Amino acid sequence: MTEPTRPSGPRPLPGQDRPPLQRAALALVGVVAVVAVSLAAVLARPALVEGAGGARTRADAAVVVATGHTTEVTVTITGMAFEPSSIDLPAGDDLRVTVVNHGDQRHDLVFANGTGTGTIAPGSRATVDVGVVGSDLDGWCSLPGHRQMGMTLRVVAQGATPTAPEAALTHGDALGSGGAMSDAAGTATIAPTMTQLEHAAQQATPYPAALPPLADATEHDYTFTVTEGVQDLAAGRARAVWTYNGTSPGPILHGRVGDTFHITLVNHGSMGHSIDFHAGELAPDGPMRTIEPGQSLQYTFTAGRAGIWMYHCSTTPMSQHIANGMFGAVVIEPSDLDLVDQQYVLIQSEEYLGPDGAPADPVKVAAGIPDLVTFNGRAFQYDAHPLTARVGDRVRIWVLDAGPNASWSFHVVGTQFDTVWTEGAYTVWHGAAADGHTSWATGAQVLPLLAAQGGFVEFVPAQPGHYAIVNHQMSLAEKGAHGVLAVTG
C-alpha cells in the first residue's frame, strides 16, 4: 500500500488553498449573504414598543385586521386581585376596560402595549382604551410589589396567530414604582461599594443612636407624618424612601410599663399607608387600617409589657413598605431596670435596590437577598461616626431586627455580654445564667434575632479601643451591618 504524501510545509487553512482572486470573490459573497440574512431577521422581527412605566413589548409580527367592533369590560379590584383576571375578545377588536377599585388602597392597571388607567383611589374608577388587540396581552398593577402579590390580568385575543411569550421584554417581574425596570444592565443595578458607602456615611448626619431619655409623664402624644422622598446612598446612587417623620427608622419612642401613647398618623404620601405598633394590644381593624393620601387617624395604645417593640407600615405588600423604610422602635422599660452609663438603640434593616432613585425591587425583596444591610437606616454610618463609651462603663444596647427578611447575629467584637434579655426574658444576668441550673460564671457572645425580634445586651469594656459592632452573618456585615464602639480610657 502506498503511503500518502505528507505536505512539506505549513498546511493552508480551509479556503486558503484557492487562488487569491477566487478567495476574495468568495469572501465578498459571504459578507453579502450575512448582511442579507441579518437584514431579513431585523425586518422580520417585530419592533420594540415603549409601554406604560417604561415597559417594552413587541408589536404584532403580522398586521391584524381591525374588526371595527369595541369590546367593553368592567374589571373590579378586591384585595390584591383583578376580577376577572382574564379577558377574552376576538382578535382585531378595540378593547375598552373600566376598572373599579373596591380595595383599601390605590392601584392601577397598565398593559404591555403602553396603555394604562393611572392611579385609582379606593372607591373610584377609571377607563382605559387599550386599542386594537391583535395578540394576547398582559396587564398588571404597577405600584411597587403589587404585581408580585398577584395583581395580573391576561387579555386573550381569540383567533390571533400565537406569539412567543414576552416576559423578558415586559420585565414586569422586576417593576418598581411606575414600572421602572430594576434589573436593567449597567450601573443602575450595581450596589455601591463599601468604600463608596463609607465615604457617603462620613458626609451624612448619623441617625441618633442614643436612647431618648424617659419623660416623667405617663401620657405621650406624637404625630407621625408619612412622607415619600429620596435618600442618597453614595455619589450618583439613590433610593426612594417612605418614612415616618422624614427619617428611616422613624422616631424611637421610650416609656415605661403602663404608659399610654396617643399617635396621630397623617399620610402625606402618594399612596396608601398605615402603622402597626407591636407595643400595644388592640384589634387591627381600625387603628391599623390603610389611609389614603391626605387622610389621618388616631391610634392609642397602652404599653402593658417591657421590651423593645417594632412598629411598621402594615399596608400590603408589607415587605415592600418595610423595605422602603417604614419602621421604628418603641422601648418600654420595666420599673426595676438597672441604671447604666450608656444606652443605645440599633435597628437592623435591609435594602433591595431598584433603579437609581426608585423604590425597593420587589423581586429582590421576595428572594430575600439584600444589596445593603443597615444599622438605623444607613450602611456603615457608625463606622464613620462611632458610638462612644469609657473603660469601665456599663453599656446597654437595645437591638431590634426590623427585617423584612434577614436574621441578626448581634455581636460586639472584643466583648462578652454579661447580661442578655430577649423577647420577654433574661438568659444571662450580670454573669449568672437565668436557667436555675448553671452555677458557674457565664455570658454570651451573640444575641440571635429573627425578623421583628428584639432585646438588649449589657457589657463593660475593660480596655480602650475600637470595638466592631456587627451582624456575625459576615456577608451581611460586609453589606453594611457594621459599626464601631470607640472606648476611651
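How many nonpolar, polar and charged residues are in the lining of the second largest pocket? By class, this lining has five nonpolar, eleven polar and three charged residues, where Ala, Val, Leu, Ile, Met, Phe, Trp, Tyr, Cys and Pro count as nonpolar, Asp, Glu, Lys and Arg as charged, and the others, Gly among them, as polar.

The model is predicted, with local features needing pLDDT of at least 70 and side-chain atom pairs counting only at pLDDT 80 or more, while totals for chains, interfaces and linings use all residues. Residues are numbered from 1 along each chain as its sequence is written, and side-chain values use heavy atoms, without hydrogens and water.

The second largest pocket (an open set of points on a 1 Å grid where a 1.4 Å probe fits, with protein on both sides within 12 Å along at least five of seven lines, and lining residues having an atom within 4 Å of a point) has a volume of about 290 Å³. Of its 19 lining residues, the closest to the centre are Gln231, Gly246, Thr247, Ser248 and Arg378. Strand 11 (219-234) and strand 12 (237-244) each give two or more residues, and strand 11 supplies the largest share, six residues.

Elsewhere, strand 19 (residues 342-351; strands are DSSP runs of E, at least two residues) has eight of its ten residues buried (under 20% relative accessible area, 1.4 Å probe, protein chains only), so this strand is largely enclosed by the rest of the structure. Its pairings, which need at least two DSSP bridges, are set out below.

| Partner of strand 19 | Sense and bridges | A bridge pair |
|---|---|---|
| Strand 22 (residues 395-403) | parallel, eight bridges | Gln348 and Asp401 |
| Strand 20 (residues 372-375) | antiparallel, four bridges | Ser349 and Thr374 |

Notes: Points joined across faces, edges and corners; volume = space filled by probe spheres on them. Buried < 20%, exposed > 50% of the residue type's maximum accessible area, 1.4 Å probe, protein only.
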